[in-house]
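Here is a short briefing on one protein model. Two topics are covered: strand and helix layout, and aromatic ring pairs.

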Amino acid sequence: MTVDSWKVTLPCTRAEAEAIDAGDLAIDAVLMTTEEVEDDVERWRLDAYTEQEPDAAMIATLRALVPSAADVAPVIEPLTGEDWVAMSQEGLEPIREGRFVVHTSAHPVPAPEGGRAFLIDAGRAFGTGHHATTSGCLRMLDAMAGRDFANVIDVGTGTGLLAFAAAYLWPQAHIVATDIDPAAIEVTQVNAVDNGIAGIELIVADGALSDAITARAPYDLLIANVLAGPLVSMAPELAAIAGSRATIVLAGLLETQREQVIAAFAGCGCTLEQVDRRGDWTILRLRAGEARYVPAAPPDPKGRDGWALDI
């Protein structure tokens, strides 16, 4: 039988899984990280799917991503007669949050009555929406369906999923989706076409540091599903583009990082309204101040390295 593709597997920790940024890799592979034992931060797994037979250089690149597996021999499997992208998704069952269903091509499902199904296939480091932070954001957005928003921004959009959900809930709103990685914006463009979604403005930007973003401010709904460090760093610039009493949804932070993130936004006049804890992860909803926040100094992007969250 003809070998069509290959799979390389290494154990890893949750911290290593969260730090992986496949967009910076010099190898052509689809990466997938999986929690093998629920709530065990040491029992995760990295799977790399590639159409090329893994050589020493590729193995070394993958090992560098997961230093805890330095003494573990990688499991290398030839795959025959299989679609290697579909293989990377075969364990991803559809998720359901409120009126939303998110599924991959491997597990198609119809939209729920009165709701919306989104097809989000796994791609290079952009995930499928199965991460607890993304599903938590979907639930939080769903709960706000009765409110009116006219100007929405999704910072660190990744696959575009949260921007798509916002466009469904508030079809008259102007939706902006941004990401620091141009490849993420390309993925979002493809996903928008696949899901029949039009009209979302896509911008490559570091946080909110873009004239195109600030020119359209103020926003009445801001979504940022990234990581705790970048959220703290971005607090002043996000608060600065938020309108009076705007809603801010933050995710990508661990429960242990909650107070640090809340404090950063409190310093910019924002107050906490809701917390949704999902295992070790936390989703926050905040309210911007009555008056528009004006930063005391220019935004400092320090601390944003590796800010994209693979969800």
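The points below start with the sheet and end with the rings.

This is a predicted model. It contains an open sheet of 7 strands with mixed pairing. A search of the whole structure also finds 4 aromatic pairs.

**Sheet**
- The strand order is β10-β9-β8-β11-β12-β14-β13.
- β10 (201-204) and β13 (271-278) stand at the edges, and each has a single partner strand, so one side of each lacks a neighbour in the sheet.
- From one strand to the next, the twist averages 15°.
- β9 pairs with β10 in the parallel sense, over 4 bridges.
- Ala177 has Leu202, in β10, as its bridge partner.

**Helices across the sheet**
- Helix α6 (residues 182-194) lies across β9 and β10. Its angle to β10 is about 165°.
- α4 lies across β11 (219-225), β12 (242-254), β13 and β14 (281-287). The angle between α4 and β14 is about 35°.

**Aromatic rings**
- A pair of aromatic rings is described by the distance of the centres and the angle of the planes.
- The ring centres of Phe149 and Trp170 are 4.9 Å apart and the planes stand at 90°, so this pair is edge-to-face.
- Phe149 sits in the loop between α4 (132-143) and β8 (151-155). Trp170 sits in the loop between α5 (161-169) and β9 (174-179).
- The two residues are 21 residues apart, and their pair links distant parts of the chain.
- Phe149 and Trp170 are both buried.
- One aromatic cluster is formed by Phe100, Phe118, Phe164 and Tyr168.

Technical notes:
Residues are numbered from 1 along each chain as its sequence is written. This is a predicted model: local features need pLDDT of at least 70, side-chain atom pairs count only at pLDDT 80 or more; totals for chains, interfaces and linings use all residues. Side-chain values use heavy atoms; hydrogens and water are left out. Rings of Phe, Tyr and Trp (its six-membered ring) pair if their centres lie within 6.5 Å; planes under 30 degrees apart count as stacked, over 60 as edge-to-face and the rest as tilted. Buried means under 20% relative accessible area, exposed over 50%, partly exposed in between (1.4 Å probe, protein chains only). Two strands pair if DSSP finds at least two bridges between them. Axes are lines fitted to C-alpha atoms, for helices over the stretch in contact, and angles run from 0 to 180 degrees between N-to-C directions. Contact means heavy atoms within 4.5 Å.
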